[in-house]
Structure formats: C-alpha cells, structure tokens
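Here's a quick briefing to read with the model open beside you. It goes topic by topic, so feel free to jump around.

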Amino acid sequence: MILACHGISKSFGEEVIVKNGSFHIEEHEKAALVGINGAGKTTILKMITGELPPDEGGVILTKGKTLGYLAQHQDMTGSGTIYEEVKTAKSELLAMEQQIRAIELEMKQLDGDELSRRMDTYHRLMTAFENNNGYAYESEITGVLKGLGFEDADFGRYTDTLSGGQKTRVSLGKLLLTKPDILLLDEPTNHLDLNSIAWLETYLLNYPGSVLIVSHDRYFLNRVATKIVEIESGGLMTYIGNYSSYAEKKKQLRDARLKEYLNQQQEIRHQEAVIEKLRSFNREKSIRRAESREKMLEKIRPVEKPVELHTEIHLKLTPSKTSGNDVLSVEHLSKAFPPQTLFTDVNFEIKRGEHVAVIGDNGTGKTTLLKILNQVVPADSGSFCLGTNVQIGYYDQEHHVLHMDKTIFDEISDDYPSLTGTEIRNMLAAFLFTGDDVFKLIGDLSGGERGRVSLAKLMLSEANFLILDEPTNHLDITSKEILEKALNDYSGTVLYVSHDRYFINQTATRILDLVNRTFVNYIGNYDYYLEKKDELTQTYTGSSQTASGGKHSYDSSSITSSAPSSSRLSWQEQKEAQAKERKRLNDLKKTEERIAALEQRSTEIDVAMTREEIYTSSVKCQELSKEKADIETELETLYETWEALAE
C-alpha cells in the first residue's frame, strides 16, 4: 500500500462533501475516483496533497514515496519556452550532469589520493546518471511532448503565450517526466485529441508507479483503471475492475438494495395495517398484540433508500417534421487558413437517420467544417446542399444564442412557453442545474455552464438535423448517459465533433476521420474505426497523397467498399487477414489471462511460504517450491509468446 485515506470527513458549512470515507491505493495500481460534478472528487485530491486539511480522519502516504498532482487549471508563472519548462522536470539529472562535467575538468589538475577520491565520486555519479537514463533524457522529453500533441515547431513557443489547455498539457508532460511514485491526475484528458489520449493511456498502463485519476472519460477509464473509487452522497465505495465493471456492479448492488428496501417497506406497511386492524378490535388482548407488534417495528433497522438515478430523467428529442432522405451533400469542399491547409476537395453525403461523428487531431479543421455548414465561415471552394425540409439545430462552443440578462429558467421558458415548470426543471436537471441553480443569470455562468444551457435549449429545438461541436464537454458521466439515450432514440439526423470515444461508441453509426487533409469514412462505431483505421488510412491517405494534400473524392456510401484494385486487398484476402488478426488478439488475450493467473499464484505461494505451518513442513515446502519453479518456467515461455503476439 502506497496511499491510504482513513475515515476522512470534509464539510463546507452545511454541505457535507465526504463523511467517514476510506480507501487505499496499492503500489503500481491504477485507480480512478468517480462521481457526479460537485460530488467532491477534486476536494479529495486536494486533501491527499495537503492543500486542504480533512475535518476528521487522515491521509497516509508511505514514508519516502513521492506524490505528483495535476490540477484541472494551471497557473504557470514561467516565461520560458515549452521545452525549457518541461526540461525543468529533469533538474536533478541536469545538475548531476553539470557536476560530472566539472569533475572531468577538475581531475586533469589532480593526482594521488585526491585524484582517487574524485574518481570515486565521478564513478558514483556516472552510475546514478546512467541508472536514471541520463543519456536519453532529451529524447524522453521530446517523446512526451509529441505524445501530448506538440510538434517540433511548438517546442520554442513561450509558455506565457499559451492557452489554458496548452498550459495544462505542458504541466502534464512535466509531471510525467518527474516520475513520482504516485500520480494524481484531475481530468488529464481535457485538451487532448484522440491520438494524445491513446498515447497517455499506453504511457499510464506502462507507468511503474501508482496512479489515481479523476476523469469523465469512460473509454479512458476502461483502458487504464483497475479499481474505481466512487464518491456519492458523502460516502466512498470501492469497486475492483474498470469503469464498465464498476457500472455493472453498481447497478447490481443498487438493484439488490432497492429490492431489500422495497421488501422492508412492504413488510412495514403490512405490519402497520395489522396493528391498525388489531387496535380497531379495541379489545385488551388485541391491543396488547398490537403494542407487541409496534415494539417489534421499532426494533427494525431501516434500510436506506438507494439514491435516485438521474437516468430516470428522460429527454425526448422530437423533430417538428421529417426531412427528405438526402440530408446533406458536400462537393469539392476546401478550406485553408494560410499557410495551413485544413482539407481539400472533400466530398461526402449524409442520409436521414444517420449519426455521423467527425474525429481527428486538434487543429485539423473539424470545427471549421461545422462552421462552414452553418454559414459561420465561408469555404474557399466547393459547395454543400441541404435536403428537403432539413431544419438545422446547431450547438457550438461559443454559445451565441444565449441572453446574458436572463435567468437559466427564463432562457428556456421564454423560448418554449408551452413547457410546464416541472418539464423545464427536468430538462435542466439532466444538464446539472437543480434547485436554485435554475435562477442564476446567464451572464454569471462559467463557459462550461453556458454550454450546458445551450445544449438543453438545442434538445428542445425540434430540429431534424443536429450539428454538435463537442456536446459532452463539461458534462459528468450521468449527463452523458442521458444525452446518449436521447440521441439514440432520436429519429432525426446527427453530425457531431467529439473526442469522447465512449460517447462515439454509443451513438455513432458512421465516422469521418479527418486525416492528411481529407476525410476517411468508416461505417460503424469507434471500435470498428480502431479495427479498420490502419488499413483505410494507408489506402486513402498513404503514399499516393501529395505534399499539398492532393485531391480525393469519396462518396459516403462507397468509401469503405470501393477503391483502385491495385491498392486494396481482394475480398477473400481481407477476410483471411481479419480472421488472422482476430485469432492473434484472441491468443494475446488468453496469454495475458494465463500470465495474470500464474503471477497471482506465484504471489500466493510466496505468502504461503512465510506461514509457520508451511515452512516447518519439508514436504509442503518441497511441493510449493516445485510448483513455484514450474510456474516460473511456464511464465518464461508465456512472456516470449506474448512478446511475439504483441509484435
């Protein structure tokens, strides 16, 4: 165990954040802290770092262990370049290198015992420098910066010119390079594109220390976390497994608790009815029996009613009219902000009922495409055409359609006067506005809160073609799930930009990947995209792509099924390749499972050998020693097999 929170409590006035909560993090463990917005996740991280003291209980960090914390918002005071700022993470290594160089110069002037002593110091420093990967620290810095989405040209940019999101990425890179024993990361995937998030997942999976993550990125948590700590209504509950496992176990526990609660309530009502009936007899014996039952009722320990699920709020998106089958046709569309070309000669179509997700790296032009379709910015060339009866509902992140002098409630009720107060409150509750929050002025809200109000208005717009730019930003997991269900039940058409892979998986029927200045089409969700990405990217944007972006035209209905035969495998070869890949992944999974089982058994044997009844028995010792040796032999073979399969 590297970190433990024992019986911690924290309140702000009458608001209880956590009460008598406990959890721990083991060495090398990757854990996540989850809960709705405002539940207290960041407060718990601040208690762990010592920034906030707990009212009761304590936080214990194993002696000699180091802790690193990435907050959501960074106040970076340095004025150096990105590379210089991140390089400070290696300050001890740099100081060691300077000392080594100084000793090298100094030794030229020494001899005898003094030279011998300096040589000893020199060799000790060199050993430490090499053990800390000193000769590769520059490539390590470069690898982390590129992994987080910075290009070589960005390294020389000064940090005081960066946006808040860019500063957060710099701080994350700096933190990763310091390599503390436990990483505390508060929303680390904010401001990262899909490639950078995937890179961070791999980095954290291979990170030698422990990690505690606060995140609303469910796909990320599924990939990285092996334990979920949930904060809910002031309590802390630990679940072993990733996010999907946690969600399933939580549902099972809630269903069981709800059943227990309902059964108890039914029994209480039954007993109360019996008591009332006995008293109604108004006889001494029946009254005594009623009193006896009342005493029995008083001794019943009440089962607490489970917290109401926010998913009981149902958003119903209903288009005012049905559009034609052809919703959008884009032909030869191009856009550049010189000297950068975003996309060139793009062609695609969207049909009624499709849910199309646009993905790609930051800065490639995804949001610009949506703005062109909504006539916010003009295209350089090409055109687009909307189909019959198409009515657009547009959500962008600048929220131009809000009135700063209105309350949230009035913003909705003025535009939709037919809605009842309860209907408006239910809609706003789905987007995290409850109680007196609904009477806040729009002008007093944060950017994220205004985004949620805009999204709530859009859900009521009755449009039949929704165009959404990062709709899940600033939503907690529960709100994302409500929105997912609403979109999946929506009979209209949806085109959206998102970095939320779990959301894409749940809602997309097609994906347009903006890569190398063109769109590659995938008929399916995000998992299908991952499966087919390398093949199609190479086919459509590979060696045939010109330096200037070239000219490519792909119709949405044919992009995944037709291309020059010289650059595509035959259908039979594709099927064989897919079957081979499925077998490889299956073998890889089985190998990993077998390794995990054997490693677990090896640990159990080590523990068993420390027990007196075992180490005092030569027979049992021999049996366990032989089993341990057999395990080690099999593991060696499995490690080699895994390596071959992984390659």
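Let's start with β5, which pairs with strand β6 (residues 182-186) in the parallel sense, over four bridges. Keep in mind that this is a predicted model. From that pair we can work out to the rest of the sheet, then on to the cavities, one loop residue and the cysteines.

**β5 and its partner**
- In the β5-β6 pairing, L67 sits opposite I182 of β6.
- The two faces of β5 split neatly by residue: G68 and L70 are on the covered face, while L67 and Y69 are on the uncovered one.

**The sheet as a whole**
- β5 belongs to an open sheet of six strands, and reading across you get β5-β6-β7-β3-β8-β9.
- Pairing within this sheet is mixed.
- Which strands are at the edges? They are β5 (67-70) and β9 (235-240), each of which pairs on one side only.
- Going from one strand to the next, the twist averages 15 degrees.
- Elsewhere in the sheet, strand β3 (residues 30-34) runs parallel to its partner, strand β8 (residues 227-232), and four bridges join them.
- If you want a spot to look at in that pair, try A31, which stands opposite K227 in β8.

**Cavities**
- How many cavities of 30 Å³ or more turn up? The count is two.
- The largest cavity holds about 50 Å³ of space.
- Its lining is made up of L317, T318, L458, M459, S461, E462, A463, L466 and Y490.
- By residue type, the lining of the largest cavity comes out as six nonpolar, two polar and one charged.

**D396 and its loop**
- D396 is found in the loop that links β14 (392-395) and α12 (408-415).
- Is D396 buried or exposed? It counts as buried because its relative accessibility is 10%, and the cut-off for buried is under 20%.
- D396 and P471 are 75 residues apart along the chain, yet their C-alpha atoms are separated by 8.2 Å.

**Cysteines**
- Don't go hunting for disulfides here: the structure holds zero.
- C621 has a relative accessible area of 17%, so this cysteine is buried.
- C385 comes in at 47% relative accessibility and is therefore classed as partly exposed.

Definitions and conventions
Residues are numbered from 1 along each chain as its sequence is written. This is a predicted model: local features need pLDDT of at least 70, side-chain atom pairs count only at pLDDT 80 or more; totals for chains, interfaces and linings use all residues. Side-chain values use heavy atoms; hydrogens and water are left out. A disulfide is a pair of cysteine sulfur atoms within 2.5 Å. Buried means under 20% relative accessible area, exposed over 50%, partly exposed in between (1.4 Å probe, protein chains only). On a 1 Å grid over the protein atoms alone, a cavity is a set of points where a 1.4 Å probe fits but cannot get out, and a pocket is an open set with protein on both sides within 12 Å along at least five of seven lines; lining residues have an atom within 4 Å of a point. Grid points are joined across faces, edges and corners, and a volume is the space filled by probe spheres set on the points. Ala, Val, Leu, Ile, Met, Phe, Trp, Tyr, Cys and Pro count as nonpolar, Asp, Glu, Lys and Arg as charged, and the others, Gly among them, as polar. Two strands pair if DSSP finds at least two bridges between them. Axes are lines fitted to C-alpha atoms, for helices over the stretch in contact, and angles run from 0 to 180 degrees between N-to-C directions.
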